[in-house]
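Trainee: I am new to this structure and would like a close look at a single part.

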Amino acid sequence: MFDKNITIFNHKNGQWYKTVLENCDVHYDTAKTVSSNGAIVMTPLLNVTIPVQEGPVDPIEYENREDVTDVWTINAKNNKDMIVVGVCPEVISETYRVSELKKHYQKCGVVASFADNTEGDLLQHYKVVCK
């Protein structure tokens, strides 16, 4: 538990910024839903627990900063931020797109939800679900 590295890709103004975080916990799950025509749809989920670490800022603050090289964020609203399990040497760019990243890394996903569980005194962490 809490022995995995993850790579966070934050999107800002057409560019991608990468941050590697250590000592995270990762679990895989599947969400089962029924579509409007009655078909069962299975969606793979990547659940990540990030212990409190240096660097996170609010998504609004992240967007307003000039320099984001020393900070990271988790933005579930922009439908662009991504997490890859492990240390990812690639950088998303014009020549290496998100679709290629998804082909090369099975254990990755786009951030779908975020919970800030840092208010209490014990086990402060961030919980992220990616699809």
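Which residue stands opposite Cys108 in strand 5?

Mentor: Val84 stands opposite Cys108. This is a predicted model, in which local features need pLDDT of at least 70 and side-chain atom pairs count only at pLDDT 80 or more, while totals for chains, interfaces and linings use all residues. Residues are numbered from 1 along each chain as its sequence is written, and side-chain values use heavy atoms, with hydrogens and water left out.

Strand 4 (residues 82-85) and strand 5 (residues 108-117) run antiparallel and are joined by 3 bridges. Strands here are DSSP runs of E, at least two residues long, numbered from the N terminus; two of them pair if DSSP finds at least two bridges between them. In the wider setting, 6 strands close into a barrel in the order 1-2-3-6-5-4, with antiparallel pairing. From one strand to the next, the twist averages 45 degrees, taken between N-to-C directions of lines fitted to C-alpha atoms, on a scale from 0 to 180 degrees.

Strand 4 also supplies at least two residues of the largest nonpolar core, which has 16 residues, Ile74 and Ile83 being among those with the most contacts inside it. Such a core is a set of buried Ala, Val, Leu, Ile, Met, Phe, Trp, Tyr and Cys residues joined through side-chain atoms within 4.5 Å; buried means under 20% relative accessible area (1.4 Å probe, protein chains only). Val84 belongs to a second, separate core of 11 residues, which also includes Phe9, Tyr96 and Val110. Leaving aside neighbours within four places in sequence, Ile74 is in contact (heavy atoms within 4.5 Å) with residues including Ile83, Val111 and Phe114.

Terms used. Helices (H or I, at least four residues) and strands (E, at least two) are DSSP runs, numbered from the N terminus. Buried means under 20% relative accessible area, exposed over 50%, partly exposed in between (1.4 Å probe, protein chains only).
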